[in-house]
Amino acid sequence: MPELPEVETTRRGIEPHLLGKAIQGIVIRQPRLRWPIPQRLKQLLPGQRILAVERRAKYLFLRLTQGTIIIHLGMSGSLRILPANAQPGSHDHVDFLLGEKCLRLRDPRRFGALLWTAADPTKHKLIQHLGPEPLSSEFDGHYLYRLSRNRKVAVKNFIMDSKVVVGVGNIYASESLFRAGINPVRSGHCTALRRYMQLAEEIKQVLQEAIAQGGTTLKDFHHEDGSAGYFAQKLLVYGRENRACLRCGRPIVKRVIGQRSSFYCTHCQH
DNA sequence: AAATTCTCCTGAAGGC
DNA sequence: TGCCTTCAGGAGAATT
């Protein structure tokens, strides 16, 4: 399930294969993703060059000569660079043809999106209301503390709210809360500044470490060449229900918070 | 306004 | 072995 580190890993993986390349065409085998893939891309794309490959939150931008392609990988999406004639599998929905190579979008669960905009993509309706990037200087403990004053939701839900901060999905929320010693159920407004200071730092650290490891491969995530990420081996609480807490040895608890499974240590996290 | 619930979809895993 | 059920999950939309 691609979270921010996996999307950034994907971006870094595909970027060198795409920069400056001309798109010769697009093959859409299955247009029904989260939103229909615009069919006019078939006319729009041929001849355009890819000028930049950027990321904002979990969205990827392919900046073209005219306009920008916006891609979201949903929870099972992946992008790979393949020979143009590679046989497509059943969930390989889209190919961008780049001469001898192609950029292929696979998304078995089809929660992802592939859109196009002529305007500034950061002003796009899906993008413009997003909170700050977690790795930016704008995001810190003071910021979290300030925004949380009237929020009664669990701190885990609070940091997973993309209007608060982007890119903190279920896995990394659990991990950063464990590292910061905060019980995920604790309500946002009952969490002190010094706790938010540490939490913000742990979020930055866990995301940076995951990017350095090439992302977390649990089920669906693979690199642009099909290889796996290694951060799963560094997870301290996620998926470790009933196993010993790596700090105190007591069993890790699994509980559903806001419709999402959360893993934590009731002894180490308050 | 904030918080919760619903929804999209398919593969994996568990029960019988 | 195979069918059936349940679960996972990002995030917008709908609802309370």
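How far is a phosphate oxygen of DNA strand B from an N or O atom in the side chain of arginine 110? In this predicted model, the gap comes out at 2.9 Å. Arginine 110 has company along the backbone of the DNA. The side chain of arginine 151 puts a polar atom 2.6 Å from a phosphate oxygen of DNA strand B, and for arginine 32 the corresponding distance, from a side-chain N or O atom to a phosphate oxygen, is 3.3 Å.

These three arginines belong to a longer list of residues around DNA strand B: Arg32, Arg34, His91, Pro108, Arg109, Arg110, Phe111, Arg151, Lys152, Val153 and Gln259. Sorted by character, that surface has six charged residues, two polar ones and three nonpolar ones. As for what the protein sees of the strand, 67% of the atoms of DNA strand B within 4 Å of the protein are sugar or phosphate atoms, and bases make up the rest.

Away from the DNA list, the protein interior is worth a look. In soluble globular proteins, nonpolar side chains tend to end up buried together. Here, the largest nonpolar core contains 31 residues, and the ones with the most contacts inside it are Phe139, Leu144, Ile159, Leu199 and Ile203. At least two residues of this core come from each of helix 3 (141-148), helix 4 (155-160), helix 5 (170-180) and helix 6 (193-212). Helix 6 gives the largest share, with seven residues. Take isoleucine 203: once its neighbours within four places in sequence are set aside, it is in contact with Pro134, Phe139, Ile159, Val168 and Ser176. There is also a second core, separate from this one, with 27 residues, Leu18, Ile50, Leu64 and Leu73 among them.

Not everything tucked away is nonpolar. Glutamine 269, in the segment that follows strand 10 (260-264), has a relative accessible area of 1%, so it counts as buried, the cut-off being under 20%. What does the side chain of glutamine 269 reach at 2.8 Å? One partner is the backbone oxygen of isoleucine 182, and another is the backbone nitrogen of cysteine 265. Leaving out neighbours within four places in sequence, the contacts of glutamine 269 are Leu177, Phe178, Gly181, Ile182, Asn183, Pro184 and Tyr264. Isoleucine 182 therefore turns up twice for this buried glutamine, as a contact and through its backbone oxygen.

Conventions: Residues numbered from 1 in each chain as written. Chains lettered and ligands numbered in written order. Predicted model: local features only at pLDDT ≥ 70, side-chain atom pairs only at ≥ 80, totals over all residues. Heavy atoms only, no water. Near = heavy atom within 4 Å. Polar contact = N/O pair within 3.5 Å; in protein donor to acceptor, adjacent residues only side chain to side chain. Nonpolar A, V, L, I, M, F, W, Y, C, P; charged D, E, K, R; others polar. Helix = DSSP H or I, 4+ residues; strand = E, 2+ residues; numbered from the N terminus. Buried < 20%, exposed > 50% of the residue type's maximum accessible area, 1.4 Å probe, protein only. Contact = heavy atoms within 4.5 Å. Core = buried A, V, L, I, M, F, W, Y, C linked by side-chain atoms within 4.5 Å.
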